[in-house]
Amino acid sequence: MTFKATLMAGTATALIALAGQAMADAHATHPVTGQALASDQSFTYRVLDDYPSIDPQLIQDVEGSSVARDLFEGLMNEDAEGNVIPGVATGYEVSEDGLVYTFTLRPEAKWSDGVQVTAQQFVDGIRRAADPATASEYAWFLEVAGIANAGAVTAGEMPVEELGVAAIDDMTLEITIDAPRPYFPQTSTFPTLFPARLDKIEEFGDSWMDPENIVVNGAYTLQEYTPAEKLVRVRNDMYWNNEATILETVTALIIPDENAALTRFLAGELDMTDIPAGQYPRLAEEYPDQAISFPNSCSYYYMFNMSDSGPEALSDARVRQALSMAVDRDIIVENVLAGGQRPAYTFTHWAIPGWEIPDIPMANMTQAERNEQAKALMAEAGFGEDNPLNIELIYNTSDSHAAIAVAIGQMWKQTLGVETTLANQEWATFLDTRGNQNYEIARGGWCADYAEPSTYLDLFTSSSSYNDGKYNNPEVDALMAEAKLSDDPLSLYQEVESIAAADAAIIPIYHYASVKMMAPTLENWPTENLLQNWYSRDLYISASE
Amino acid sequence: MLSYIIRRLFVAIPTLLVLIIISFMLMFAAPGGPFTSERALPQAVMDNINARYGLDQPYWKQMFDYVANIVLHFDFGPSFQYRDRTVNDVIAQGFPVTLTYGFWSFVVAILAGVSLGVAAAIRHNTWLDYLAVGVSIGAQVLPNFVMAPILLLVFTLWLGWLPGGGWNGGQWQYIVMPVIALSTSYMASIARITRSSMLEVLNSGFIRTARAKGLPTSRIIFQHALKPALLPVLSYLGPAFVAMITGSVVVDVYFSTGGIGQFFVNSAFNRDYSVIMGITILVGALTILFNLLVDIAYAWIDPKIRY
């Protein structure tokens with residue numbers, strides 16, 4: 001071929017390719033929604049902090065879990081509403097006593113190096129999480145899931161082989177749990193229970209997750225990870241359901257400052273970022289199609305130190321009740337936070353599936369009525385103008401916690417004449433102080449581990465290691481124990497909330513919302529998935545009109 | 001001279017040891033630990049973790065093992081916060097970043113600072129002097145945490161000239177804003193020191209002699225006045241250089257460079273003991289080294305100084 005002929009052939013090929021591309025663009029639509037797809041299917045979002053780990057069994061944060069759900073696939077997945085749907089397992093059967101789950105794995109599931117995904121790899125993964133030698137901070141999650149002997153194995157009292165997981169054959173996995181737990185299948189969507197390739201982990205040691213070494217069984221694989229800067233994942237062609245994946249590239253940019261992230265979003269560098277506290281009303285007005293708020297399964301509350309080291313006044317339920325009533329939640333939610341949060345009078349997040357908030361007397365009063373009653377309770381307890389209550393309130397250093405504490409301190413002062421001393425502490429110090437009951441009233445925030453009320457209500461039990469207020473009511477303990485064995489625990493949970501409200505065990509303040517800026521072309525974000533367990537393979541970028 | 005250098009290097013060893021001991025004591029005095037979290041970990045899990053990281057050992061033993069590992073293997077230990085990385089990894093990844101933008105900041109700060117300072121001094125009490133002083137005071141009082149968001153707003157959002165952050169292997173577009181944000185206050189200090197010391201030199205006897213000889217002004221400034229005038233600047237530059245190449249929290253946080261500056265603060269908040277120590281030692285060693293270099297440079301510039 002002469003040079004000219006080569007050139008012509010090359011040009012022709014390029015033209016055909018271009019035309020093909022244009023055709024593909026013109027015709028690419030989403031199979032379900034029929035929306036036109038953008039030719040560039042890449043999604044870039046901001047994360048606050050570097051990942052402590054992206055190793056499934058070591059992951060301990062929400063952002064790391066999002067990465068792991070893209071790179072790996074567990075037995076079950078979640079859909080956009082948070083319902084449990086098949087993952088590597090096509091489904092499961094439960095024994096009659098509710099203790100043995102038998103998962104059937106799909107034969108078409110392969111790792112990115114072509115190796116079959118087997119039941120044994122799930123056994124390896126779960127054992128690895130429990131193994132004391134792994135020293136995983138999330139070993140406790142196996143106890144939340146209720147996997148038999150998890151606690152004893154982690155404590156080193158039993159060998160890992162005693163853990164309640166077994167591979168019956170390559171495609172059949174049996175998991176035994178310690179008590180019937182209706183939420184168990186959902187825990188299998190959590191990275192701690194993901195499969196592990198021990199051959200790779202042994203071969204590469206700590207660097208098995210490096211892009212050049214990693215093997216994955218999820219819809220994406222790791223292309224680049226520059227710590228403290230960015231993490232890029234790209235489509236994994238070996239994923240069994242690869243045809244359904246639309247997004248080609250997903251990039252997480254680590255941007256510690258939320259205002260810098262917002263500026264970069266507005267400059268078009270990001271498709272999604274968090275809205276800094278207090279800026280939602282302005283942004284919602286300026287960018288109505290981009291500023292969104294939806295429920296996020298965390299609850300914000302104040303806890304009382306009811307242990308022996310706590311102030312005597314707080315052991316009086318009337319005082320606690322008065323302090324709770326005098327907090328005008330509407331002001332906190334509408335004026336201080338202004339991001340679509342909801343006032344809370346009970347602990348469990350209102351949007352937990354199947355949850356119905358019981359009737360709490362305080363919730364139905366006006367604030368004026370609450371204030372009246374609070375004053376009366378305070379007077380009854382012996383506090384008044386000549387004998388004011390002095391209280392110290394601690395919170396971890398943050399502008400929004402400070403704003404809320406100042407507002408509430410002011411409410412207590414105006415309504416009840418309570419003198420509040422505010423003290424902020426840096427996070428680790430704060431947790432230490434609170435965990436050792438060296439406080440009077442402290443800020444708390446609790447996020448659901450799974451979408452069921454007990455993830456919150458367990459904190460009211462006297463045996464909970466998260467019960468930093470040392471609230472202790474045997475009736476609550478008994479009800480929670482009963483709920484564990486009940487087929488329909490809702491009424492028991494409601495009773496627990498009612499008792500906790502009557503005891504003023506805590507001051508529920510508000511239920512969180514996720515407040516985000518999202519590019520109008522980013523589609524299918526699962527705003528209804530309360531735990532915000534999202535999968536990149538469900539997202540897509542629509543063509544902008 | 002050589003024996004002086006060797007002596008200084010020997011003194012550096014106990015200095016670093018004292019630094020390590022004090023840092024260790026401060027670190028363990030802070031409440032909480034690297035694995036303190038909202039969900040207090042079950043004791044069994046905590047024990048496993050403590051055993052893995054040697055945190056179950058007495059403090060003196062932890063400290064001894066730590067120093068021994070550094071001396072014998074140059075191993076600064078695993079990071080407690082980033083489970084898949086060692087401190088060597090953290091430094092190897094972050095230090096080249098801050099070294100790059102820190103070095104350019106240093107170059108910019110010296111060139112701009114010295115030029116401004118000299119210009120102000122030779123045009124003493126003219127508009128040029130006032131302008132130079134104004135600029136340097138402005139740069140000094142505008143802290144970089146104010147400067148950084150303004151740069152981002154102007155160059156990224158309004159003008160769209162520069163990417164808002166990231167590093168991308170150190171392409172120049174990603175370095176510009178970090179360098180501006182980091183260099184300005186150093187530039188201002190250098191300008192002020194240069195100006196005052198230049199003024200002093202220009203009023204000294206040997207400059208008067210040079211003028212009386214009829215030397216051209218440019219030769220007087222560059223050949224005779226500049227060198228002695230830079231002596232005070234030089235003593236400022238040693239620590240400043242170390243501060244710049246080890247980065248800045250503000251720059252790292254606003255421009256997400258992935259540099260090591262942010263670890264100064266983050267590792268302390270996270271109680272990431274080994275990273276705190278690794279960075280403290282890095283900065284300590286660099287400070288000792290550059291102070292030595294400054295002292296050597298002194299002898300080279302000023303013939304009156306001999307060790």
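Let's start with chain B and its UniProt record. The unreviewed UniProt entry places "domain: ABC transmembrane type-1" at residues 95-294 of chain B. Keep in mind that this is a predicted model. In that model, residues 95-294 of chain B are 82% helix and 0% strand. The C-alpha atoms at the two ends of this span lie 22 Å apart.

Stay with chain B for a moment. Look at helix H1, residues 2-29, which holds Ile13(B). Ile13(B) belongs to a nonpolar surface patch of about 520 Å². Its partners there are Leu2(B), Ile6(B), Phe10(B) and Leu17(B).

Now chain A. Find strand S1, residues 42-47. Is S1(A) enclosed or open? Five of its six residues are buried, so S1(A) is largely enclosed by the rest of the structure. S1(A) runs parallel to strand S10, residues 249-254 of chain A, and six bridges join the two. Within that pairing, Phe43(A) stands opposite Val250(A).

Next, another parallel pair. Strand S14 of chain A, residues 390-396, is joined to strand S15, residues 419-425, by seven bridges. Glu392(A) has Thr421(A) as its bridge partner in S15(A). Put helix H13, residues 399-416, together with S14(A) and S15(A), and you have a right-handed β-α-β unit.

On to charges. Side chains of opposite charge can pair when their charged atoms come close. How many salt bridges are there over all chains? The count comes to 25.

Take one of them. Arg233(A) and Asp70(A) meet at 2.7 Å, N to O. Arg233(A) sits in strand S9, residues 230-235, and Asp70(A) in helix H2, residues 62-71, so the pair ties together parts 163 residues apart in sequence. Are these two residues buried or exposed? Arg233(A) is buried, because its relative accessible area is 0%. Asp70(A) is buried too, at 2%.

Here is another pair. Arg235(A) and Glu248(A) form a salt bridge at 3.3 Å, N to O. Arg235(A) is in strand S9, while Glu248(A) is in the loop between S9 and S10, 13 residues apart. Glu248(A) is partly exposed, at 37% relative accessible area.

One more pair. Glu380(A) bridges to Arg318(A), with the closest N and O atoms 3.8 Å apart. Glu380(A) lies in helix H12, residues 367-380, and Arg318(A) in helix H10, residues 317-325. Glu380(A) counts as exposed, at 52% relative accessibility. Arg318(A), at 31%, is partly exposed.

Last, a network. Salt bridges link Arg46(A), Asp274(A) and Lys516(A).

Notes
Residues numbered from 1 in each chain as written. Chains lettered and ligands numbered in written order. Predicted model: local features only at pLDDT ≥ 70, side-chain atom pairs only at ≥ 80, totals over all residues. Heavy atoms only, no water. Patch = residues over 30% accessible without salt bridge, like charges linked within 9 Å, V, L, I, M, F, W, Y side chains within 5 Å. Areas by Shrake-Rupley, 256 points an atom, 1.4 Å probe, with all protein chains shown as cover. Salt bridge = Lys/Arg side-chain N within 4 Å of Asp/Glu carboxyl O. Helix = DSSP H or I, 4+ residues; strand = E, 2+ residues; numbered from the N terminus. Pairing = 2+ DSSP bridges. Right-handed = clockwise from strand over helix to strand, strands pointing away. UniProt positions renumbered as here; feature names shortened; annotations may be inferred. Buried < 20%, exposed > 50% of the residue type's maximum accessible area, 1.4 Å probe, protein only.
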